[in-house]
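Trainee: Please take one part of this model and go through it closely. I want placements, contacts and numbers, in a connected account.

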Amino acid sequence: MIGFLSGKILEKNTNSVIIDVGGVGYEVLIPLTTFYELGEIGSDVQLRIYTHVREDAIQLFGFRSARERDLFLKLIAVQGVGAKSGITMLSGMSSDEIINAIRAN
C-alpha cells in the first residue's frame, strides 16, 4: 500500500492534487485543510497517504500531517462513515475541532 508520497505538484484543485513522483502522476484526494497548506503548482510536496481499495477503484487520500491522517483513519473506522465522508468532515472542521466535538458528544 502507498503510505507516503513526495514529489512536485503537477495540478491542484480544491479536493484533489496530482503529484509527479519520478514521472508518474498520482491523483490524491485531499481535504480543504490540506489544500490550503499546499504550495503552488511546481512546488515540492510531501503527503501522508491512505490507500482505499474497493472492488471498482483504488483511491489515494492525502494529508499534510500524520495526525490528520490518523484522525481520518479513526473516522472511517466508525460504522457508516466512509472515506468520502471522512474527507468531507476534515474539510469542514480542523482536526482539533473534530476531536473537541467528539469529546463533547
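**From a buried threonine outwards**

Mentor: T34 has 0% relative accessibility, so it counts as buried; the cut-off is under 20%. Keep in mind that the model is predicted. T34 sits in helix α1, which covers residues 32-37. Set aside the neighbours within four places in sequence. T34 then touches L47, G62, F63, R64 and E68.

Follow R64 from that list. R64 belongs to the loop between β5 and α2. Its side chain meets that of E37 in a salt bridge, at 3.9 Å from N to O. The limit for such a pair is 4 Å. E37 is in helix α1, and 27 residues of chain separate it from R64. Helix α1 therefore holds both T34, which counts as buried at 0%, and E37, which is exposed at 51%. R64 has 32% relative accessibility, so it counts as partly exposed.

Side chains of opposite charge can pair when their charged atoms come close. By the rule used here, the model has three salt bridges. Another joins K8 to D44, with 2.7 Å from N to O. This pair also links distant parts of the chain: K8 is in strand β1, D44 is in strand β4, and they are 36 residues apart. The two residues are bridge partners in the strand pairing as well. K8 is at 42% relative accessibility and therefore partly exposed. D44, with 59%, is exposed. The remaining pair is R54 with D56, at 3.1 Å from N to O. R54 counts as partly exposed because its relative accessibility is 39%. D56 reaches 63%, so it counts as exposed.

Now the sheet that carries K8 and D44. β1 and β4 (residues 44-53) run antiparallel, with five bridges between them. F4 faces R48 of β4 in this pairing. On the other side of the bookkeeping, β1 is joined to β2 (residues 16-21) by four bridges, again antiparallel. There E11 has I18 as its bridge partner. A hairpin of three residues leads from β1 into β2. In total, five strands close into a barrel, in the order β1-β2-β3-β5-β4, with mixed pairing. On average, neighbouring strands are turned by 55° against each other, direction ignored.

Helices lie on this sheet. Helix α3 (residues 83-92) packs there and touches β3, β4 and β5. Its direction makes about 20° with that of β5. Helix α2 (residues 66-76) lies across β4 and β5, at about 15° to β4.

R67 is one residue of helix α2. At 47% relative accessibility it counts as partly exposed, because the exposed class starts over 50%. Its contacts beyond four places in sequence are D96 and I99. R48, the partner of F4, is 19 residues away from R67 along the chain; their C-alpha atoms are separated by 9.6 Å.

Last, the surface. M1, V53 and I58 form a nonpolar patch with about 390 Å² of accessible area together. M1 is in the segment before β1. Its 82% relative accessibility means that M1 counts as exposed. Compare that with T34, where 0% is the reason it counts as buried.

Methods:
Residues numbered from 1 in each chain as written. Predicted model: local features only at pLDDT ≥ 70, side-chain atom pairs only at ≥ 80, totals over all residues. Heavy atoms only, no water. Buried < 20%, exposed > 50% of the residue type's maximum accessible area, 1.4 Å probe, protein only. Contact = heavy atoms within 4.5 Å. Patch = residues over 30% accessible without salt bridge, like charges linked within 9 Å, V, L, I, M, F, W, Y side chains within 5 Å. Areas by Shrake-Rupley, 256 points an atom, 1.4 Å probe, with all protein chains shown as cover. Pairing = 2+ DSSP bridges. Axes fitted to C-alpha atoms, helices over the stretch in contact; angles between N-to-C directions.
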